[in-house]
Amino acid sequence: MEKITVMLGERSYPITIAAGLLNNLRAFAPLKSDEQVMLVTNKTVAPLYLEQVKQTLKQGGIKVDEIILPDGEQHKSLLVLETIFSALLKKSHSRDTTLIALGGGVIGDLTGFAAACYQRGVRFMQLPTTLLAQVDSSVGGKTGVNHPLGKNMIGAFYQPVSVIVDVSCLATLPACELSSGLAEVIKYGISFDRDFFIWLENNIDVLMTLNIHALTYCIRRCCELKAKIVATDERDNDLRALLNLGHTFGHAIEVTMGYGIWLHGEAIAAGIVMAAEVAYILGKLPADDVHRIKTLLERACLPIAGPKEMLPESYLSHMMRDKKVRNNKLCLVLPTGIGQAKIYNDIDHKLVLKSISACLPIKEA
Ligand SMILES: NC(=O)c1ccc[n+]([C@@H]2O[C@H](COP(=O)([O-])OP(=O)(O)OC[C@H]3O[C@@H](n4cnc5c(N)ncnc54)[C@H](O)[C@@H]3O)[C@@H](O)[C@H]2O)c1
Ligand SMILES: [Zn+2]
């Protein structure tokens, strides 16, 4: 069993990683007998893992309620948030309750935000079941919902009390969702850790066969990096912002195409290539590194071009609405090598348009 601590003083918490943890009551500390919990999951994950988690908690004398939400990014909304509050109130959950997110990043973000708001804040735990949630979204306390005009526009920084990563859950994950998670994995390598990028170049095929040892190492390395970043910069002022590599472009794709049409990781993969093109045109990233980035993304079955329906101008109009736009200037995270990235605050619009044009899908003859 791997254990990493996110060091945030009184709000520090463990990330536990191993196969089979959903059956292991000890992993669910600090929950105690007679405590009340609300398990929040969705229609897809419930038939796979809900019973298992309920049984484990019941063995510990924990009082379990559940809410099963519709599945999909389009349901990461204020409307769905209200159904969580209604379920909590109907079942008389007090300020001592604990919300438990069982699912991918959508369930994690929704549940965390519900926990931040319900009675001005109750405890919550993350049981991430997608690779993306296991390596990224369940750690670090960014919670929230989408608005029709912008992704993750309503939310709060609110840390969980524990993150329990059961690697065996990935066995049921559709292949495209595994690839989507690999986009965030590759992002860590590009932005922070050259050795890890090289490890990925050597092990991407093994990872995609769901080899438990490779997966466990990969998830542990990403969680270690994220834990360190969050401990240094919880509120996204400098270091943490580097985790947004590819996201400004990617969010434009997700919003324009409609939530859930392009998977988050797919949009991020195309966005990483666009950011790499900007860096290349600015002379900050060698052509060989752009090639290595594209090759690794492609090997992970991820797109390296944007959707054919989107013109460069439609990216820009969405990108100007990004949380990171200040004084009408585009702020972008750009890779400056394999294993390093920097924030640039004053990127020229024309250059962005040119870079996006370089990443349009090749038109069929
Ligand atoms: N909070 C953060 O720091 C952060 C970071 C990155 C991404 N995110 C957010 O995370 C979301 C994307 O997360 P995601 O990729 O996990 O998507 P998701 O939550 O929509 O899950 C993907 C799909 O897999 C299904 N699923 C989940 N676990 C499964 C399993 N074990 N077996 C079979 N199917 C399973 C889900 O029901 C869903 O259909 C986005 O909303 C993104 O904005 C948040
Ligand atoms: Zn992301």
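Here are a few questions and answers on helix H8 and its surroundings in this predicted model.

Me: How many of the 11 residues of helix H8 are buried?
Reply: H8 spans residues 247-257 and is mostly covered. Among the elements doing the covering are strand S8 (150-157), helix H5 (175-192) and helix H12 (349-357). The buried set includes His-247, Phe-249 and Met-257. The count comes to 10 of 11.

Me: Which residue just after H8 takes a positive phi?
Reply: Look just past the end of the helix, which runs over residues 247-257. The phi there is about 100°, and the residue is Gly-258.

Me: Which protein residues are the donors of the zinc ion (ligand 2)?
Reply: In sequence the donor residues follow the spacing E-x62-H-x16-H. The two histidines link distant parts of the chain, with one in helix H8 and the other in helix H9, 17 residues apart. Both His-247 and His-264 are buried. With donor atoms 1.9 to 2.1 Å from the zinc, the set is Glu-184 (OE), His-247 (NE2) and His-264 (NE2).

Me: Which helix gives the most to the largest nonpolar core?
Reply: That core has 80 residues, and Phe-249 is one of those with the most contacts inside it, along with others such as Val-185 and Met-319. H8's Phe-249 is buried, and leaving aside residues up to four places away in sequence, Phe-249 touches Gly-271, Met-274, Ala-275 and Val-278, among others. The core draws at least three residues from each of domain 1 (2-172) and domain 2 (181-358). The top contributor, with 11 residues, is H9.

Note on methods:
Residues numbered from 1 in each chain as written. Chains lettered and ligands numbered in written order. Predicted model: local features only at pLDDT ≥ 70, side-chain atom pairs only at ≥ 80, totals over all residues. Heavy atoms only, no water. Buried < 20%, exposed > 50% of the residue type's maximum accessible area, 1.4 Å probe, protein only. Helix = DSSP H or I, 4+ residues; strand = E, 2+ residues; numbered from the N terminus. Contact = heavy atoms within 4.5 Å. Donors = N, O, S within 2.8 Å, 3.2 Å for Na, K, Ca; no water. Core = buried A, V, L, I, M, F, W, Y, C linked by side-chain atoms within 4.5 Å. Domains from an automatic or database assignment.
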